[in-house]
Amino acid sequence: MTNALELDFSSDESSAGFRLERLEIFNWGTFNNQVWTFNLQGKNALLTGDIGSGKSTLVDAVTTLLVPAHRIAYNKAAGAENKERSLRSYVLGYYKSERLENSMGGKPVALRDHRNYSVILGIFRNEGFGQTVTLAQVFSLKEPAGKPVTFYITSEKALSIAEDFSGFGSDINNLRKQLRKHSAEIFDSFPPYGIWFRRRFGINNEQALELFHQTVSMKSVGNLTDFVRSHMLEPFDVAQRIKHLIEHFDDLNRAHESILKARRQVEHLTPLVDECDRHALLVQETETMRACRDALAGWFAHQKHALLEKRLVNLNDELQRYQNTLAVTAEQLQEKRNQERQLRADIAANGGDRLEQLRLDITHHEQEKNRRLKAAENYNALLEKIALSAVKDHEEWLATRQLLQTQADELADREAELQQQKNELYITFSRKREIHQQLIAEINNLRSRRSNIDARQIMLRDSICQALGLNEEHLPFVGELLAVREEEKVWEGATERLLHGFGLSILVADEHYQQVAQWVENNHLNGRLSYFRVNPAQHHATVSPLPGAVSEKLQIKPDTVWYDWLERRLQQFNHICCETLEQFRRESKAITRSGQIKSPGDRHEKDDRHTIHDRSRYILGWSNLEKIAVLEKQARELEDALAELGNELASVEEKLKSLQQQRDIYNRLGEHNDYQAMNWQPLAQAIARLEAEKRELEAASDRLLVLNQRLNEILTEIQTLETTHGDKIALRGRTQEKIERAEESLQEAESVQKTANEQDMPRYYPQLEQWREKALPDRQLSVESCDNCQQEMRGWLQDKIDSEDKKLFRSRDKIINSMTGYNHQFPLETQEIDISLESVHEYRQMLNALRADDLPRFEARFKQLLNENTINDIASFQSQLNRERETIKERIEKINDSLVPVDYNPGRYISLVAQLSADADIRDFQSELRICTEGALTGSEDEQYSEDKFLQVKRIIERSALTGRASSLRDSDGLHVLSPALYSAAC
């Protein structure tokens, strides 16, 4: 069975809560040199008396107990001006003022001096709960001209000045000790003292005491609106919200100014850099034209040389034809003369041995004809294999021989090209195969361990360990003990590049240092070795890395004995990781993601011999799985490349084999260098004639007649052949003269070409070849026309150079003007940049930096700040103002509820009316707030929308209400409390 808790509340509601039971004062104002006691017994009291009798002094004593002294307007109940009385005047007991001699002023006269002390004490009683609370304050002066020193006393039992605040001697500190013995709590400042009694009195808000302070001595209310707002409403922390809003707007304004500035810079720099590119292209083209002009002599010598070589080939072929023709005619003449001698002998002998001679001649000719016919058939069979027609006469043989020579040369060139291609493919194949073998060896080596250090360094350490009888743990690489944090992987490549040399260093403990140093000294390392002498047992104070530094992005292998040394050593790599070039330029030690490193002393370095993301070169970390995966991928790619190279090599070798077979055919054809050796038709004709003669001799009865007729025919043929032979000799002489002149011209062209080759002019020949069609339209080059064409083309090139020079001059002026305009608009960014063409690179760097900074991203950031911060803050501020407006209405309603029972005069009561303010500034401010926050949640991607919203926010921020007049902003809730309206009690 439980007993209910019964609370003994006071039956009289007029005495409910804590009420002032007794007030005691000692040396307070004019209440001097004794304890003055006022027993109110928790009831209402009326103080009456003449002016200056001390009514306000007592009220100020009660107020001082409950309100901080610096906030009290003393003697306000008497309607006095501010600062007429003060805490010091009450403690010293000023009671009159004396006029000073020779002065219109006066000085106060005190009842007490600094050797006295003052006490005010109030006892508060809650009858309902039977609780008593004593509040007291003791005042003293350490110096005559000083401010009163106060300490505050609280107790949950009744104290009195006479019993508890006396008999302590002259030292005020003894009073403190005495009070503590009486279970009193002592405070040296008002805030903890105020918290103590407010908690016991059930006062949750300091504003209640502020209202008490204002009303305890109130005689009239000046401005009802200000009174209600100041004393009956919760304070609205306007200043903090304004500060927060302005801070966000400052961020927004800086973003806006940066965007506008960057946009203007890009708009100015883009055409400037484009014009610089055009100028550079014009300079390059002009220089190319000048170089081509200087190369004209060599190029035309090259053309003339080719024409002369072709002409010499033709002339030599022509000379060869004449030589062959002369050989044929000489042979024919010899044969005819032999026939002539034979006929003459036959005629002279008129003998019968002619038929026998004819049979012998026919047999001899038949043998020779068969030999030549076989040679001709072999020759034509070889021609058929290379898709050429059989030759029928000497002229066709000469033409075919020239064609064979040309094709043989082309075949040799093709074979040389294929051989060169084969050699290059084989070299590439060998190099890639060697790299692949190295990769496989590296992968196998990595699989046998967990370190990322390359195999050569591992082998070097193994040699040291084996020689000195040490384990790998005794000589660790720095890279085996460091790793990039998982959340900082975007900086892994730059960090690897910065710490590559440091990571390949070996740590040597003091106990092994002497042995290692001696071994390194005595052995040739066939490589590079770096090591540090370390005392692992020596500990240092923990060093925190710089925020944003490389050292902050690294983690040291846990539980390693080298931890302290590595942590301290890493501070030398406190390069700040910079996301932008602006930050990179500001920092003294910095690094970018692309691996550009800035060191003290303005030293900058960027090593791009290997790509920054080449994981095969990474050395940090105590796990090499990722490196193995990268190397395996590279090995597979190399295997694919090797397979493709193998296929190409097989294809080239197949082509070379085919070309070699063709070359054998051409070599065999080249062996037939004498047409007469396969010219069987004249022999067939001779055999036919001999057989006819034989038949005629056998059939004829008059042999001498036949012989004479034959002799005449032979003589005619001899004469014809001699004439033809003489003509060919003359033609051969003229051809030899042409060959000599062509060879002289060829030597001259070779000399010019040699000079041009020494000056590296041939690299301009392809361009001259392209321009020839424009400079020499419809002109065919020949040996004789080369000199004239060279002059014409030189004139054409000079005209183009003059035209380009004019364009360059105009472009240079345009660039200088653009640079001048840009430097004038942006003097800070260009104070160290000259206005000249030599500064083009610096302007290009500025444009690249601006593009790298990503202007659209800044514009998106600007819109984000606008929507997420400033506009949202303004919307929140507007919402707070709306809540304040509703709070004011609720508080006025509560005041009106309290005024209804109070008769202003019989049958009437006062009611306060809340109306919207008619102030134009407030209405305009509220309108701007509504406009600014419209669409703040949905927003728009339109660039103009962001610009308009920014201007709206800027107008609001620039209003005097937001930049310094907090009181005006406090009124922006738009409500005023008008003068009281009278209502009938019946209402």
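# Notebook: charges, contacts and backbone

**Entry 1, a salt-bridge network.** I began with the charged side chains and found that Glu 331, Glu 368, Arg 371 and Arg 372 are linked in a network of salt bridges. I note at the outset that this is a predicted model, and I read every value below as computed from that model. The background I kept in mind is that side chains of opposite charge can pair when their charged atoms come close. Over the structure, I obtained a count of 32 salt bridges.

**Entry 2, three individual pairs.** I then looked up three of the pairs, together with the accessibility of each partner. Asp 607 and Arg 609 meet through their side chains in a salt bridge, at 2.6 Å from N to O. Asp 607 is partly exposed, because its relative accessible area is 25%, whereas Arg 609, with 69%, counts as exposed.

For Glu 127 and Arg 125, which also form a salt bridge, I recorded 3.6 Å between the closest N and O atoms. Glu 127 has 42% relative accessibility and so counts as partly exposed, and Arg 125, at 25%, is likewise partly exposed.

The side chains of Glu 492 and Lys 489 form a salt bridge as well, with an N to O distance of 3.6 Å. Is Glu 492 buried or exposed? I found a relative accessibility of 9% for Glu 492, which means that this residue counts as buried, the limit being under 20%. Its partner Lys 489 has a relative accessible area of 29% and is therefore partly exposed.

**Entry 3, a patch of negative charge.** I turned next to the surface, where Glu 637, Glu 639, Asp 640, Glu 644 and Glu 648 form a negative patch. One of these residues, Glu 644, I located in helix α17, which runs over residues 625-670.

**Entry 4, a buried threonine.** Thr 286 is placed in helix α8, residues 238-294. Its relative accessibility is 1%, so I entered Thr 286 as buried. Which backbone atom lies 2.7 Å from a polar atom of the Thr 286 side chain? I identified this atom as the backbone oxygen of Leu 282.

**Entry 5, positive phi.** I checked the backbone angles against the general expectation that most residues other than glycine have a negative phi. Gln 41, although not a glycine, has a positive phi of about 55°. I found Gln 41 in the loop between β2 (31-39) and α1 (55-66), and I listed this residue as exposed because its relative accessibility is 52%, the limit being over 50%.

Asn 526, again not a glycine, has a positive phi of about 55°. Asn 526 sits in the loop between α14 (510-522) and β11 (531-534), and with a relative accessible area of 61% this residue is therefore exposed.

**Entry 6, separations in sequence and in space.** I finally compared how far apart some residues are along the chain with how far apart their C-alpha atoms lie. Lys 304 belongs to helix α9, residues 296-349, and is buried because its relative accessible area is 18%. The C-alpha atoms of Lys 304 and Ser 745 are separated by 8.7 Å, while the two residues are 441 residues apart along the chain.

Gln 367 lies in helix α10, residues 354-385, and its relative accessible area of 54% is why I marked Gln 367 as exposed. Between Gln 367 and Leu 683 there are 9.7 Å from C-alpha to C-alpha, against a separation of 316 residues in sequence.

Where along the chain is Thr 611 found? I placed Thr 611 in the loop between β16 (603-605) and α17, and its relative accessibility of 61% means that Thr 611 counts as exposed. From Thr 611 to Ser 594, which are 17 residues apart along the chain, the C-alpha distance is 9.4 Å.

My last lookup was Phe 38, which has its place in strand β2. With a relative accessible area of 23%, Phe 38 is partly exposed. Phe 38 and Glu 24, which are 14 residues apart in sequence, have C-alpha atoms 6.3 Å apart in space.

Terms used. Residues numbered from 1 in each chain as written. Predicted model: local features only at pLDDT ≥ 70, side-chain atom pairs only at ≥ 80, totals over all residues. Heavy atoms only, no water. Patch = residues over 30% accessible without salt bridge, like charges linked within 9 Å, V, L, I, M, F, W, Y side chains within 5 Å. Areas by Shrake-Rupley, 256 points an atom, 1.4 Å probe, with all protein chains shown as cover. Salt bridge = Lys/Arg side-chain N within 4 Å of Asp/Glu carboxyl O. Lys, Arg positive; Asp, Glu negative; His and termini not counted. Charge placed at Lys NZ, Arg CZ, Asp CG, Glu CD. Helix = DSSP H or I, 4+ residues; strand = E, 2+ residues; numbered from the N terminus. Buried < 20%, exposed > 50% of the residue type's maximum accessible area, 1.4 Å probe, protein only. Polar contact = N/O pair within 3.5 Å; in protein donor to acceptor, adjacent residues only side chain to side chain.
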